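Reader: I'm new to this and would love a close look at one part of the protein. Could you take me through the packed inside, and then whatever sits around it?

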Amino acid sequence: MSRIAIVTGGTRGIGRAICEKLRADHGCTVVANYGGNDDAAKKFSDETGIAAIKFDVGDHAAVRDGCSQIESEHGPIDIVVNNAGITRDGTLLKMSYEEWDDVMRTNLGGCFNTAKAAFPGMKDRKWGRIVNIGSINGQAGQYGQVNYAAAKSGIHGFTKALAQEGARYGITVNAIAPGYIDTDMVAAVPEPVLEKIVAKIPIGRLGRAEEIARGVSFLCSEDAGFVTGSTMSINGGQHMY
Ligand code: CAA
């Protein structure tokens with residue numbers, strides 16, 4: 001059976017790798033959501049043949065409408081991967097309320113919005129997979145990221161709560177906590193700061209987007225039916241607990 005999957009922030013970086021992996025491993029019909037970069041989305045769809053749909057994951061009504069468009073064009077959504085995320089780094093003293101709010105709305109609010117849209121259908125069909133992309137910085141905190149760390153930490157709580165609600169309906173809800181992965185987001189960290197971070201990764205390098213996608217693919221598989229409420233840390237050993 002071909003499942004329908006939506007990957008938010010799916011046209012670049014980790015999201016793109018997840019889209020390609022879900023299709024390759026499970027034959028899913030994948031739809032990639034994106035928020036703003038039309039050129040990247042066009043390039044992604046031209047290169048992969050995977051459809052892309054634009055909406056702001058932080059906008060509740062836009063997510064509801066986007067998900068119903070996906071369902072009418074492709075079929076009911078079986079798999080949600082909440083990958084969309086932004087950074088607005090800065091110490092608390094320098095961070096504006098907008099920088100706090102943008103990150104909370106997008107990174108954490110986005111998870112609520114997609115789950116709210118897709119969960120009822122999963123419940124009716126008694127099968128669903130929700131995978132939320134958290135972060136090492138939600139687990140351990142990070143200087144200059146009170147907004148991002150709070151939102152990502154919130155994702156881990158959201159995951160555990162929704163896992164308890166989904167279990168009776170055959171819906172699993174899990175999180176992945178990536179460490180520092182070789183993406184545009186990490187490339188934006190100032191070079192001297194990043195050098196110090198990489199020096200603390202026991203494996204001695206940044207992760208690759210495909211290494212996160214493999215974890216997502218497992219959590220979305222039939223084989224992972226007994227895995228729920230868990231967090232898979234993929235961080236090169238940078239944070240162990
Ligand atoms: N712990 C303690 N002190 C620190 C510190 C740390 N980790 N990092 C910096 N400081 C100190 C500096 O040493 C400096 O002190 P002095 O003035 O005494 O020298 C002071 O804090 C100011 O540091 P900066 O000059 O860096 O301050 P800034 O305002 O220019 O920049 C910042 C602050 C924007 C937060 C910058 O440090 C930064 O970009 N840090 C990286 C944040 C980060 O890791 N973001 C991750 C993005 S990727 C991602 O989030 C993906 C994921 O999930 C992993």
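Author: Sure, let's start at V216. Skipping its neighbours within four places in sequence, V216 is in contact with I18, V81, V131, I133 and I176. Keep in mind that this is a predicted model.

Now zoom out a bit. V216 belongs to the largest nonpolar core, a set of 26 residues, and together with I18, L22 and V81 it touches the most other members. Who else chips in? Strand 1 (4-7), helix 1 (13-26), strand 2 (29-34), strand 4 (79-82), strand 5 and helix 9 (209-219) each give two or more residues to this core. In soluble globular proteins, nonpolar side chains tend to be buried together. There's also another core lying apart from that one, with 24 residues, including C67, I70, A118 and I155.

Strand 5 is worth a second look, since R129 is found there, within residues 128-133. R129 is a charged residue that is buried yet has no salt bridge. The nearest side chain of opposite charge is E222, 4.6 Å away, and a salt bridge needs the nitrogen and oxygen within 4 Å. What R129 does have is a polar atom of its side chain 3.5 Å from the backbone oxygen of L219. Beyond its neighbours up to four places away in sequence, R129 touches a whole list of residues, among them D78, M122, T172, L219 and E222.

Elsewhere, charges do pair up: the structure holds 14 salt bridges. In one of them, K54 joins D38, with the closest N and O atoms 3.2 Å apart. That pair links strand 3 to helix 2, 16 residues apart.

Notes: Residues numbered from 1 in each chain as written. Predicted model: local features only at pLDDT ≥ 70, side-chain atom pairs only at ≥ 80, totals over all residues. Heavy atoms only, no water. Helix = DSSP H or I, 4+ residues; strand = E, 2+ residues; numbered from the N terminus. Buried < 20%, exposed > 50% of the residue type's maximum accessible area, 1.4 Å probe, protein only. Lys, Arg positive; Asp, Glu negative; His and termini not counted. Polar contact = N/O pair within 3.5 Å; in protein donor to acceptor, adjacent residues only side chain to side chain. Contact = heavy atoms within 4.5 Å. Core = buried A, V, L, I, M, F, W, Y, C linked by side-chain atoms within 4.5 Å.
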